[in-house]
Amino acid sequence: MQSEPSTDFSHAPEGFTVGPGYGGLTRVLVTVEGAEAEIYLNGATVTRYDVGGQPVLFCSKTSKYEAGKAIRGGVPVIFPWFGPHPTDSSQPQHGLVRAADWRVDSMRRLAPDAAELTLTFESSEATLAAWPFDFGLRYTVSVGKRLEMALKVTNRSMSEIEFHEALHTYLAIGDVHKIAIAGLENCEYADKVDGGARRRLGAESLRLKGETDRVFVNTSAACRLSEPGRPDVLVSKEGSLSTVVWNPWETKAEAMSDLAGGQWPEMVCVETANALENVIAVSPGASHTMKAIIERL
Ligand code: BG6
């Protein structure tokens, strides 16, 4: 039997403030020495992570903030399928939890410069109707010099489960035309801009020249994002074999009401994921954890 998660936040530890954010949605503000983050319970979405007052994550100025709607930016949590549902187009894109209502499990102040928030989500009649397995998610967000996000999936059903997942990280950049992403050299990818055609990156860093939607497979490598005049950002990971790089470019971005207004050059997604053949299988009672670590160097 699970204990009821707390909804009384009046005794939150120092550094945590829980209250209404945009759209009246519940938001947890975490402030530690040198860093600050905001996490919405809607989708367990980390919407902001600033180091020294400078944003590391991108969040759209025109994002919706509505219960049941995905937030455009930050780090949406994707589970148990990535992208469109494989067989049922009536199911939501990117799974069942990125716009669901998560619960606060714990808030812990670890040190003057470190704090940790844990959110949980349990399968329900609604999720069982869409995906017929019982599961529990435990998502731990550690805020400090690095932002660490660990998604633990526990199989609470009687049979093996298979799933895809992603921590769909939107990074803040100055200009997408000027960035380079190192770490994916010689990796195979599915090019979703070309019907999923399989290709392989050469020995060079990735530079974006147009709409980009690539699922790199079989890679556990960290990615280092660099841009002239800005500090590098390192995205490292554990328990993940796919890395997705996405920018919709001008035409698609301007057609998205929650990304319009010329913001698209200021973001790139470098997503810690398990997608395509990197499916995760978990036995009854067992768990799998995937972790993304974002660090401004
Ligand atoms: C990326 C996918 O992860 O997310 C893209 O690879 C998709 O295909 C993008 O367009 C954004 O998805 P959404 O559902 O948030 O618009």
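Start with the open sheet: five strands in the order 1-2-3-4-5, with antiparallel pairing. The model on screen is a predicted one. Select residues 16-20 and then 54-55 to see the edges of this sheet, strand 1 and strand 5, each of which pairs on one side only. Add residues 26-32, which are strand 2; five bridges join this strand to strand 1, and the two run antiparallel. For a single point on that seam, pick Val-18, whose bridge partner in strand 2 is Val-28.

**The ligand**

Next, select the ligand and show the residues around it. Which residues surround the ligand? They are Arg-72, Phe-82, Gln-93, His-94, Arg-98, His-168, Lys-192, Asp-213, Val-244, Trp-246 and Glu-271. Sorted by class, this shell has three nonpolar, three polar and five charged residues.

Now look at distances from ligand oxygen atoms to polar side-chain atoms. For His-94 the separation is 3.1 Å. For Lys-192 a polar side-chain atom also lies 3.1 Å from an oxygen atom of the ligand. For Glu-271 the corresponding distance is 2.9 Å. The ligand taken alone exposes 390 Å², and the protein buries 84% of that.

Stay on His-94 and turn to its backbone. His-94 lies in the loop between strand 6 and strand 7. Its phi is positive, about 65 degrees, although the residue is not a glycine. Is His-94 buried or exposed? It counts as buried, because its relative accessibility is 6% and the cut-off for buried is under 20%.

**The same loop, at a proline**

Select Pro-80, which is also placed in the loop between strand 6 and strand 7. The peptide bond that joins Phe-79 and Pro-80 is cis, with omega about 0 degrees.

**Aromatic rings**

Show the side chains of Phe, Tyr and Trp. The count comes to 14 aromatic pairs. One of them is Phe-58 with Tyr-170, a stacked pair at 6.4 Å centre to centre, with 25 degrees between the planes. This pair links distant parts of the chain, 112 residues apart: Phe-58 is in the loop between strand 5 and strand 6, and Tyr-170 is in strand 13 (residues 170-172). Phe-58 is classed as buried because its relative accessibility is 6%. Tyr-170 is buried too, at 1%.

Move on to Trp-102 and Phe-121, a tilted pair with centres 5.7 Å apart and planes at 40 degrees. Here the partners are 19 residues apart: Trp-102 sits in the loop between strand 6 and strand 7, and Phe-121 in strand 8 (residues 114-122). Both Trp-102 and Phe-121 are buried.

Which residues form one aromatic cluster with Trp-102 and Phe-121? Add Phe-79, Trp-131, Phe-133, Phe-135, Tyr-139 and Phe-163 to the selection to show it. Phe-79 is the residue joined to Pro-80 by the cis peptide bond.

**Two last stops**

Select Trp-249, found in helix 2 (residues 249-254). Trp-249 has a positive phi of about 65 degrees and is not a glycine. With a relative accessible area of 15%, Trp-249 is buried.

Finish at Lys-152, in strand 10 (residues 146-155). Lys-152 has a relative accessible area of 34%, so this residue is partly exposed. Draw a line from its C-alpha atom to that of Ile-173: the two are separated by 29 Å, and the residues are 21 apart along the chain.

Key. Residues are numbered from 1 along each chain as its sequence is written. This is a predicted model: local features need pLDDT of at least 70, side-chain atom pairs count only at pLDDT 80 or more; totals for chains, interfaces and linings use all residues. Side-chain values use heavy atoms; hydrogens and water are left out. Two strands pair if DSSP finds at least two bridges between them. Helices (H or I, at least four residues) and strands (E, at least two) are DSSP runs, numbered from the N terminus. A residue is near a molecule or strand if one of its heavy atoms lies within 4 Å of it. A polar contact is a pair of N or O atoms within 3.5 Å; within protein, one must be able to donate a hydrogen and the other to accept it, and residues adjacent in sequence count only if both atoms are side-chain atoms. Accessible areas come from the Shrake-Rupley method with a 1.4 Å probe; for residues, only the protein chains shown count as cover. Ala, Val, Leu, Ile, Met, Phe, Trp, Tyr, Cys and Pro count as nonpolar, Asp, Glu, Lys and Arg as charged, and the others, Gly among them, as polar. Rings of Phe, Tyr and Trp (its six-membered ring) pair if their centres lie within 6.5 Å; planes under 30 degrees apart count as stacked, over 60 as edge-to-face and the rest as tilted. Buried means under 20% relative accessible area, exposed over 50%, partly exposed in between (1.4 Å probe, protein chains only).
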